[in-house]
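Subject: A structure for you to look at

Hi,

Here is the structure I promised to pass on. Please open it alongside this message, and my notes follow below.

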Amino acid sequence: TVIGSTGPAGVGSSETNVVWLHTASGVSTSGSSVTAWADQSGNANDFTTVGANTINYATNQVNGEAALQFAGDDRGLILNNFDSMPNIAMTYFAVVNTSATGNEAIVSYATAANNNEHLVFPSSTNTNVYVAGTSRNFSNTFKDGNWNIISSTWSSNDGVANFYRNSTSSSSVTYTVGDTIERGGSLVLGEEQDNVGGGFDAAQN
């Protein structure tokens, strides 16, 4: 699990939840600007800010919970040298609200060998998901200006991948059978990397 006691609603442990980020805990701020986001899974996979502009910490945004606002260009959160990146199977969940019209990255994982080792890249009509550098389009999108729970699953064993919006699957595809995701790269939230930890494009943030 990349984005999800040491798990959401007490589900899972530090062994099964590699990273768990929650706006109620672990967010460091300077005023209303976010400076870091600490992992709550027990694995110390902590994120720091990257980019010239700030991420805003906004209280009482959804069901009384706070949210991090990535509005605008050149602002994100980064986890460098991610040695525990899931490499043969993964599941992640995120709660997202966006109505942006471009191709903005939600999750970007880059290695020295491939800047799109894993990438979630939604447009207004579909969501493009890269695994081990190979991409497939899912018909589901979530750019409607509402709060959505998005999730994705993939297993190297059979190559089956799914993308869900609010528990509804857009489709199931099979690709990258037997492939593995290289560990030790940089995981970025809110920006798309064109090289490890950098190469950010304002049109893709």
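Which residue in S15 does Phe-82 stand opposite? The partner is Gly-185. Please keep in mind that this is a predicted model, and that every value in this message is computed from it.

Let me start with the chain as a whole. The protein chain has 15 strands and 0 helices. Its C-alpha trace spans about 45 × 35 × 35 Å along the principal axes. The radius of gyration is 16 Å, which agrees with the value near 17 Å that a compact globule of 205 residues would have. Of those 205 residues, 44% count as buried.

Back to the strand pairs. Strand S6 covers residues 76-82, and 5 of its 7 residues are buried, so S6 is mostly covered. S6 has antiparallel pairing with strand S15 (residues 185-189) over 4 bridges, and the Phe-82 and Gly-185 match belongs here. S6 also pairs with strand S3 (residues 47-50), again in the antiparallel sense, over 3 bridges. In that pairing, Val-50 has Gly-76 of S6 as its bridge partner.

Phe-82 turns up again in the nonpolar interior. The largest nonpolar core has 34 residues, and those touching the most other members are Phe-47, Leu-77, Phe-82 and Phe-163. Two or more residues each come from strand S2 (33-37), S6, S7, strand S8 (107-110), strand S10 (127-131), S12, S13 and S15. S7 gives the largest share, with 4 residues.

Phe-47 is a good place to zoom in. Leaving aside residues up to four places away in sequence, Phe-47 touches Val-19, Leu-21, Ala-36, Trp-37, Leu-77, Ile-78, Leu-79, Leu-187 and Leu-189. One of these, Leu-187, lies in strand S15. Leu-187 has a relative accessible area of 1% and is therefore buried, the cut-off being under 20%. Leu-187 also lies 9.5 Å from Leu-119, C-alpha to C-alpha, although the two are 68 residues apart in sequence.

Next, have a look at the open sheet. This sheet has 4 strands in the order S7-S12-S13-S14, with antiparallel pairing. Strand S7 (89-97) and strand S14 (168-174) are at the edges with a single partner strand each, so one side of each has no neighbour in the sheet. On average, neighbouring strands here are turned by 10 degrees against each other, direction ignored. S13 and S14 are joined in the antiparallel sense by 5 bridges, and Arg-165 is found opposite Thr-168 in S14.

Arg-165 leads to one last feature. How many salt bridges does the structure hold? There is 1 salt bridge, formed by Asp-144 and Arg-165, with their closest N and O atoms 2.2 Å apart. The pair links distant parts of the chain, 21 residues apart: Asp-144 sits in the loop between strand S11 (134-138) and strand S12 (147-155), while Arg-165 belongs to strand S13 (residues 160-165). Are the two residues buried, exposed or in between? Asp-144 is partly exposed, with a relative accessible area of 32%, and Arg-165 is also partly exposed, at 23%.

That is what I have for now. Happy browsing!

Best wishes

Note on methods
Residues are numbered from 1 along each chain as its sequence is written. This is a predicted model: local features need pLDDT of at least 70, side-chain atom pairs count only at pLDDT 80 or more; totals for chains, interfaces and linings use all residues. Side-chain values use heavy atoms; hydrogens and water are left out. A salt bridge is a side-chain nitrogen of Lys or Arg within 4 Å of a carboxyl oxygen of Asp or Glu. Buried means under 20% relative accessible area, exposed over 50%, partly exposed in between (1.4 Å probe, protein chains only). Two strands pair if DSSP finds at least two bridges between them. Axes are lines fitted to C-alpha atoms, for helices over the stretch in contact, and angles run from 0 to 180 degrees between N-to-C directions. A nonpolar core is a set of buried Ala, Val, Leu, Ile, Met, Phe, Trp, Tyr and Cys residues joined through side-chain atoms within 4.5 Å. Contact means heavy atoms within 4.5 Å. The radius of gyration is taken over C-alpha atoms; the globule rule is 2.2 Å times the number of residues to the power 0.38.
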